[in-house]
Amino acid sequence: MGDLVVGIDIGTTKVCTIVGEVRPEDIFIVGLGIEPGRGLKKGTVTDMTALSTAIAASVHKAERVSGYDISRAFISLAGSHMASINSVGTVGLVGNRGVTSVDMDRAIENARAIAIPHSREVLHVVPRSYSLDGQDHIPNPLGMHGFRLDAEVHIITVSTSSVANLEQSVQAAGVFPDRFILNPLASGDAVLTDVERDMGVVVIDIGGGTTDIGIFVERTIWHSAVIPVGGDMITNDITHWMHVSFDVAEAVKVQHGFAREKGVSETETFLVQPFGEGMPEEIKRGDLAMVIEARVSEIFELVQNEIKRSGYDDLLRAGAVLTGGCALLPGIRDVAAEVLGCPVRIARPEKLTGMADTLRSPAFSTSIGLLRLGLQMDTLSTTSPASNGGGSSKSIGKRLGDMFKRLLPDEG
Ligand SMILES: Nc1ncnc2c1ncn2[C@@H]1O[C@H](COP(=O)(O)OP(=O)(O)OP(=O)(O)O)[C@@H](O)[C@H]1O
Ligand SMILES: [Mg+2]
C-alpha cells in the first residue's frame, strides 16, 4: 500500500481534483473531479467566489467517486507574479568531520536567507547541488569529509497577496491547502525522464492562461518562470478574426485548428455560423492555421527569450518537452522545434492505473505531478514548508492521515 494523497490543480480553464495512491511504480487513481475553471486569469485570482465554487464542485465530485471526505490537499500555483533566483549558503565544518544532514539543512537555510520585499514570500527552496572545500557538483555530500560546505539552491518567491487570495478560495471550498506547488515543478515531475533531467531539458506547459517553464539540469530545477500567455490567446485571436463568440472560436480551434499553415491542404474548408443572422461562412483551414501559427510562434519566442535569460540555453542537451492542453494542437511540435531550434517531445503523464483514462493527456501533467511531488516535498526536510507554514512540525503520517476521512469502510 502506497500513500494516498489529494492534489487540486487550479487552472484557468479547469479545476481538477485527484485522489491517488502514490506507489513506487505508478500512481493508482482512486477518484477524480474535473470542473470548468472560473475566477482565475493568467494564474491570478480575479473572482474568489466563482473560484471557490468551482473548487468545491471539483472536490465534491472527487469525494463522491473516491468515497473519501477530502479535508486537505496539495494545490497547484502559477501566476506570473512568481520569480526565481539561485543562491548559495555556506557552513563551516569544524575539525574536518563528515557532513551530517543537519549541516546540509543549515547550509540550505543560510542560502534561503536572501533579502526579499515585504510583499513577497518564499514558496520553494530546492537544493541543486553542494560543494565541499571548493569541489563542486556533489549531489549528496552526506558523510564526506571537509572544512566548508556550500549548498546551491533554487529559490522560488511569490506575491504574498496572490497566494493569500488563492489560499482563501481553497479554504472557502472547505479544504485546507497543505502545500502550494509551482506548476512547472509539478509538470516536470510528471513528464520528464531521468535521462532528460540528467542531460538538461526545458519543460514547457502551455495551458489556457499561462505558459509554465522549468529548466532541469543535473536532475534538479535550475530555473523556473511563468509567462502570462496561453491557449486562451489563440482562441481570442480566432474570435476577433472570425467574429464569433469565445465558445465557438474554442470549438473551431479544437476541431479544425492546426499550428502550421504549411501543414494544411489549400483546398480544405469548414463552415462556421458568425454573429448575427447571416448564412454560415466557409472558412479555409489554411487561413485559420495562419492565425494560429502567428500566436503560437510568438508564444515560443517568449519561451526562447526566457530560456536565454536564464543563461542555461547551452545546457539543454535533451531539448524541450512540451505539455499542457495546448500540446494537443496538431502541428505545434514543429513550430516549437523551429523557433526553439532543438528537439521537441510532446509529453503526457504516464504510469497511471485505476481511473486514469481521462488523465492520460498533456492537459493533466500538472495535476498528476502534484501528487508525487507533494508527497516527496513532505518527506524532504530540505524543502521549505508552504506559505501557510504547514509542514515543518507535524509528522508525515499524521498529515497524510489528516488529508481525508474514509467515508465508506474499505471500498473506495
Ligand atoms: N485538442 C486541442 N487542440 C487545441 N487546443 C487544445 C486542445 N485541447 C485543449 N486545448 C487548449 O488547451 C488549453 C487548456 O490547457 P490546460 O488544461 O493545460 O489549461 P489550464 O491548466 O486550465 O490553464 P493554466 O495552467 O494556463 O492556468 C486551452 O486553451 C484549450 O483550448
Ligand atoms: Mg495548467
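**Note on the cores and one open sheet**

1. In this predicted model, the largest nonpolar core (buried Ala, Val, Leu, Ile, Met, Phe, Trp, Tyr and Cys residues joined through side-chain atoms within 4.5 Å, where buried means under 20% relative accessible area with a 1.4 Å probe, protein chains only) has 66 residues, of which Ile8, Ile10, Ile55 and Leu359 touch the most other members. Domain 1 (84-159) and domain 2 (193-346) both give residues to this core, so it lies between them; the domain bounds come from an automatic or database assignment.

2. Leaving aside neighbours within four places in sequence, Ile8 is in contact (heavy atoms within 4.5 Å) with several residues, among them Val15, Ile55, Val59, Phe74, Val175 and Leu370. A second, separate core of 39 residues includes Trp222, Ala259, Val272 and Ala327.

3. An open sheet with mixed pairing is formed by 5 strands in the order β15-β14-β13-β18-β19, the strands being DSSP runs of E of at least two residues, numbered from the N terminus, that pair if DSSP finds at least two bridges between them. Its edge strands, each pairing on one side only, are β15 (220-227) and β19 (344-346).

4. Strand β14 (residues 211-217) pairs with β15 in the antiparallel sense over 7 bridges, and the bridge partner of Gly214 in β15 is Ser224.

5. Residues are numbered from 1 along each chain as its sequence is written, and chains are lettered from A and ligands numbered from 1 in the order in which they are written. Local features need pLDDT of at least 70 and side-chain atom pairs count only at pLDDT 80 or more, while totals for chains, interfaces and linings use all residues; side-chain values use heavy atoms, with hydrogens and water left out.

Notes. Buried means under 20% relative accessible area, exposed over 50%, partly exposed in between (1.4 Å probe, protein chains only). Helices (H or I, at least four residues) and strands (E, at least two) are DSSP runs, numbered from the N terminus.
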